[in-house]
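Biologist: Please take a close look at the salt bridges in this model. Which parts of the chain do they link, and how exposed are the partners?

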Amino acid sequence: MSEETPIPAFRTVPRTGVIYVTTEASRRGYRPGDPEWCNLGQGQPETGALPGAPPRVDQVAVDVGDLEYAPVAGLWEVREAVASLYNRLYRRGMPSQYSAENVCLSGGGRAALTRAAASLGAVNLGHFLPDYTAYEELLDVFKAFTSIPILLEGERGYAFTHEDLRREVQGRGLSALLFSNPCNPTGKLVHGEELARWVGVAREQECALLIDEFYSHYVWTGRPGHLPAESAARYVEDVNRDPVVLFDGLTKNWRYPGWRMTWTLAPRQVIEAVSSAGSFLDGGGSRPLQRAALPLLEEGPVVAETLAINTVFREKRDRFHSRLERLGIRTDRPPDGTFYVWGNVAGLPPPLNDGMGFFRAALDEKIICVPGEFFDVNPGKRRARASRFRTYVRLSFGPSMDVLDKALNRLEALVMKHARASSAP
């Protein structure tokens, strides 16, 4: 029986952008850790030691009690630790404080998002274009709510103000808005007073903000002397009344993607709902890894890790972005956050002037990237026209600087080769 033979009762489930490009690379011999390959498509940061960062955890002890299931919402003491961390980092002196009841732990970011999606009612849910590729299937598989796309313009630097938010909420009847902040892939960050105004609009209009903050410690716009991290938790007035739901975890901001240890921070009523959804969706996360995370959630190690990330990744961001621009890969705006560059390849010689063409040509050089069309979130493929982002690619500076330099050198040779070919008589 061939792989193409349909199996009754099962549909074809599309792959997210990273899974698709990794699968295509694997068909050409790519294996994780292969030094010949440069994975600029990866959605994870380098996980090794960084100057100034706390030592990497390389062993996890498993207590006999940890052989049992963890509670669906997570171990109570870990939930308390997460709540306490947010209070210390973002809510010092504020009368309303997060508690363990405002936290739900889960086994990965997608699990947290899936629990939230399964908990939504029959509402209009807004989402931006472009945004994280995995939102597409997530917004399609649950049928209770209606997903409403909101177009952001590269010509405006993907700007979207609190007044734009109010107009969209009122005009489209939105009861919820899902978005990544900083945005994956554009790197656009809503922060400071503007983020406070967004939270104010959500409070005033009773529209839930579902904010993916997995890159919130990769912030390049911070002021000297301030922790280079941002969270809407700073601007919540009442933790149990303001409709603000945050997603984060160890995967990016702590650089432990393999632990699959994440959390949802939200009003108590929302936490009860997503915990109930978790009881039938996934059953809960890993008990040993939740317990092992406790020392990582102390304020001192978190601050040290964040400062180390900012030092190392800011340098990578500046060098990577600068060299890509010199190659002719343009950006609508330098990334304010994340470890991605959202590059427009329209000015390159063919076939590199198309996202899929660039991706395929890069594979020949053992470089992986993600074509921009995967970020044109289109649940159910209801929009049939060609993607607006077909001339874009997402390039990750998550790998080490050595890998980035190797990839940039290969890309420079690739662009020069096709430039000569296109100019030949």
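Modeller: What follows goes through three salt bridges and one network. The model is predicted, and it holds 34 salt bridges.

One of them joins the side chains of E204 and R166, with an N to O distance of 2.9 Å. This pair links distant parts of the chain, since E204 sits in helix 6 (residues 192–205) and R166 in helix 5 (residues 162–172), 38 residues apart. E204 has 46% relative accessibility and therefore counts as partly exposed. R166, at 18%, falls under the 20% cut-off, so R166 counts as buried.

A second salt bridge is formed by the side chains of R323 and D405, at 3.8 Å from N to O. R323 belongs to helix 9 (residues 299–327) and D405 to helix 11 (residues 401–423), so this contact ties together parts that lie 82 residues apart in sequence.

Helix 11 also contains K417. The side chain of K417 meets that of E365 in a salt bridge of 3.9 Å, N to O. Here the partner E365 is in the loop between helix 10 (355–364) and strand 11 (367–368), and the two residues are 52 apart, so the pair again links distant parts of the chain. K417 counts as partly exposed because its relative accessibility is 41%; E365 is also partly exposed, at 25%.

Finally, there is the network. Salt bridges with shared partners join R323 and D405 with E315, R319 and E412 into one network.

Conventions:
Residues numbered from 1 in each chain as written. Predicted model: local features only at pLDDT ≥ 70, side-chain atom pairs only at ≥ 80, totals over all residues. Heavy atoms only, no water. Salt bridge = Lys/Arg side-chain N within 4 Å of Asp/Glu carboxyl O. Helix = DSSP H or I, 4+ residues; strand = E, 2+ residues; numbered from the N terminus. Buried < 20%, exposed > 50% of the residue type's maximum accessible area, 1.4 Å probe, protein only.
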